[in-house]
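Please walk me through this structure, beginning with how a chain is divided and moving on to where chains meet and what lies buried inside.

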Amino acid sequence: MSLEEGKIMGTEEIIWNAVATFLTLCIFTFLYKDNPFYKFAEHLVVGVSAGYFAVILYYNGFVPKLITPLRQGEWVYIIPAILGLMIWTRFSKKWSWISRFSLAFYIGSGTGFAIPLYMQNYVIRQLSSTMLPVGFTTWALFTNILIIIGVLSALIYFFFSKEHTGFFGGTAKVGIWTLMVGFGTGFGLTVMGRVSLLAERVVFLREYFIELKYYLYILFKYGLPLS
Amino acid sequence: MREFPWRKILLLLLFIYLTFFSVSKAIETEPPVETSSAVQWFNPQRINVFIILILFFAFVLYFIQRAKKGESLFVRRIAGLDAIEEAAGRAAEMGKPILYISGIEDMDNLQTVASMIILGNVAELVASYDVPLLVPICVPFVLTVAEESVKQGYVKAGRPEAYNPNNVKYLTQEQFAYAAGVSGIMLREKPAANFMFGSFFAESLLMAETGFSTGAIQVAGTANIHQLPFFVVACDYTLIGEELYAASAYLSREPKLLGSLKGSDLAKFLIMIILLLGVVLESFGITKFSSWFFVQ
Amino acid sequence: MNFYEQIMNLDRRWVYLVIGLVVVITAIFPFDVPLYVTPEVRSVYDYVESLNPGEVLMIGVDYAPEAMAELHPMSYAITRQCFKRDIKLLLCCLHQNGPGMVEQVISQVSKEYNKVNGVDYVYLGYKPYPSITILAMGQNFRIPFPEDYYGTPLDSLPMMGGITNYDNVKAILNISAGSATEYWINYANGRYNAMLAIGVTGVMTSDYYPFLQSGQIFGLIGGMKGAAEYEHLAEKGGYISREKDQLSAYKSMPIQTTTHVVVILFIVIGNIGFFLSKRKKSRI
């Protein structure tokens with residue numbers, strides 16, 4: 001039955017889902033080799049998403065953040081408008097130096113916001129949460145040892161001011177093994193994610209063909225297209 | 001006279017303490033506490049962030065100054081870089097070209113910048129071996145930078161006449177179309193070595209796998225963590241994350257790059273010391289040190 | 001060529017065919033998969049359960065159709081749970097191809113529970129540059145979003161009375177497939193101390209466990225498996241039902257299971273072949 005509350009799909013839904021099914025199968029043909037069907041579907045998705053983004057950006061970014069305030073007499077918005085226009089001079093070899101002012105403002109303000117917060121959230125918060133008690137009395141304390149060894153050895157691996165020899169080199173080896181375990185985890189999760197996408201598409205195809213079967217049955221038996 | 005085994009005794013005492021007396025602390029995430037923020041000129045609860053940031057800036061600026069003065073700053077040899085020279089020699093023996101791929105991002109991505117620096121050094125090396133260097137490019141703006149890097153490399157090697165501008169060409173900006181184009185070059189030209197340095201996404205495995213199937217030596221480097229597993233399995237050498245930037249600093253000896261690398265090394269060293277100290281104190285039940293690093 | 005050398009040189013299209021057959025056969029003959037609910041998913045569910053009717057929860061839906069398979073089930077389950085418990089929702093979208101995703105969820109689920117736009121939920125819409133938008137919302141939602149997605153000024157919406165910034169929402173749930181999660185952690189939680197939980201794709205899940213451990217996020221729903229766990233909890237709580245076909249992530253779990261078994265088998269066989277052929281080469 002349909003995804004929604006046991007209703008059978010109407011004609012419009014059948015047609016649009018047929019388009020989705022066709023495009024899904026076009027993309028799957030790439031598994032055999034590159035072909036015009038795959039190229040068609042790929043170019044369609046690139047074009048549609050670019051066009052969709054352009055329209056969304058215009059109506060959700062440009063109009064409410066520039067055109068509407070200017071119409072309401074908030075002339076201060078002219079300043080960011082001019083900075084934005086200055087970036088377009090990048091396309092001219094003669095005038096591209098003008099774009100550096102806008103880029104300097106953008107990069108400077110972005111960096112100013114980002115650096116302290118990245119230091120706080122990615123370094124200091126992580127550092128304080130990694131300062132864990134270690135021991136052999138409980139399983140939790142023992143696993144903390146593994147965490148500390150992993151963190152320290154990985155940091156040592158990325159230490160470039162000393163050659164990886166002796167004890168230092170041995171620790172760096174432990175570090176690279178820790179990283180490999182991490183990469184394996186990431187790889188496994190990536191495979192899981194990709195399989196999820198495939199599974200959802202196959203479930204969609206299965207449900208569409210079941211719906212199509214019911215639709216055609218009703219159409220040929222009663223001659224009535226569903227609205 | 002035998003030395004008193006201080007180290008062994010200390011280790012034994014530590015082992016006994018950790019086994020029988022170590023403090024067990026709840027390590028589950030504490031229940032979330034709702035807080036609110038208010039506008040203020042200086043947030044005293046962030047003083048720790050401020051101090052650490054100032055220290056980090058100081059480290060980097062100090063080493064940049066030292067590098068600018070011409071001081072020799074030691075950076076260890078990166079394993080993958082040795083393979084580049086070996087690959088160039090192998091390509092010369094086999095009479096086959098070398099393929100260099102610089103990623104799919106624009107010059108505003110630091111990985112692409114690092115890749116261009118490495119490209120210049122690779123160009124200088126292959127020029128001396130008289131091996132063709134093929135450089136397919138994904139982003140139009142990167143093409144101009146790549147052409148300049150390769151040309152400068154050949155000039156530095158004293159072989160400006162050997163530079164062939166047709167070998168550095170723009171393919172397409174579309175991700176999988178670029179991967180298909182690069183795979184086609186690998187299958188037709190059968191390069192002796194493939195170098196992939198830069199920012200890669202889902203196309204990384206397609207290119208690395210095709211290169212593996214042709215039997216080329218492959219050296220890759222990227223800071224995109226999700227692509228590293230694919231490079232690690234398909235390539236002979238992989239530069240992981242910061243090693244890519246370290247390689248560009250090592251090869252170029254540019255003061256700012258070297259200074260940043262050494263500064264971040266010193267910061268890492270400090271972090272390791274702080275971490276060890278924090279762990280030891282936490283294990284003895286002293287939480288005041290680690291609480292200074294906790295951000296409210 | 002012996003068996004293992006043949007496996008090492010196998011055309012990848014045979015692997016695709018086997019995986020494809022396994023997926024199709026499992027899709028035609030599904031079976032029930034027992035689910036273990038992880039603590040990080042349960043903590044999100046329990047937090048939503050602890051909210052009182054009338055309290056406001058913010059949901060940042062930042063994904064495009066390509067991540068729909070993994071993240072749409074989470075959005076549906078959480079929205080149904082909130083609406084059944086009369087929790088008000090404040091939604092926004094920071095992904096350029098995502099506004100339609102939010103619209104699809106909210107328009108369908110609001111009809112199921114007779115929820116009214118502006119009274120029971122507000123959909124702010126999409127704005128570019130997630131970092132700037134998140135920072136601005138920390139001061140006042142009206143700075144980046146003077147109007148909602150449908151063009152209505154926020155001040156004229158009954159629900160937005162008394163809601164200025166993150167201090168007035170109980171928590172933020174970010175369901176994202178891209179870098180927006182990073183910005184929510186850095187800016188919403190890092191700068192404004194907003195309570196934050198995240199739902200991300202499988203690929204991104206491992207990146208965010210350190211933040212769970214450090215307490216910067218209080219919950220993490222990872223990939224389709226995480227979505228299935230949440231659906232399982234929501235079904236037990238009576239918020240969604242199998243009869244109404246509302247467990248879309250759970251439906252895919254049998255396919256996940258069988259496909260993973262096949263992939264593991266291929267990896268084991270491939271590795272055995274690799275080590276055997278390496279040993280043979282070293283003998284030569």
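The domain bounds used here come from an automatic or database domain assignment. In this predicted model, chain B is divided on that basis into domain 1, made of 47-72 + 258-287, and domain 2, which covers 79-253. The C-alpha centres of domain 1 of chain B and domain 2 of chain B lie 33 Å apart.

We can turn next to the place where two chains meet, for 45 residues of chain C are in contact with 36 residues of chain A. On the side of chain C that touches chain A, the elements giving two or more residues include α2 (12-28), α4 (68-84), β3 (121-126) and α12 (253-283) of chain C. The largest share of that side, six residues, comes from α2(C). Sorted by kind, the residues of the side of chain C that touches chain A comprise 18 nonpolar, 18 polar and nine charged.

Turning to the interior, the largest nonpolar core has 96 residues, and those with the most contacts inside it are C:Leu57, C:Leu91, C:Ile172 and C:Leu196. The element α4(C) gives the most to this core, with eight residues, and the core draws at least three residues from each of domain 1 (3-30 + 254-283) and domain 2 (39-250) of chain C. To look at one member in detail, C:Ile172 touches, leaving aside residues up to four places away in sequence, C:Met58, C:Gly60, C:Tyr166, C:Trp184, C:Ala188, C:Ala194, C:Met195 and C:Leu196. Apart from this core lies another, of 90 residues, and among them are A:Met131, B:Val142, B:Ala208 and B:Phe231.

Terms used. Residues are numbered from 1 along each chain as its sequence is written. Chains are lettered from A and ligands numbered from 1 in the order in which they are written. This is a predicted model: local features need pLDDT of at least 70, side-chain atom pairs count only at pLDDT 80 or more; totals for chains, interfaces and linings use all residues. Two residues are in contact if their C-beta atoms, placed from the backbone, lie within 7 Å. Helices (H or I, at least four residues) and strands (E, at least two) are DSSP runs, numbered from the N terminus. Ala, Val, Leu, Ile, Met, Phe, Trp, Tyr, Cys and Pro count as nonpolar, Asp, Glu, Lys and Arg as charged, and the others, Gly among them, as polar. A nonpolar core is a set of buried Ala, Val, Leu, Ile, Met, Phe, Trp, Tyr and Cys residues joined through C-beta atoms within 7 Å. A residue is buried if 20 or more other C-beta atoms lie within 10 Å of its own, exposed if 12 or fewer, and partly exposed in between; C-beta atoms are placed from the backbone.
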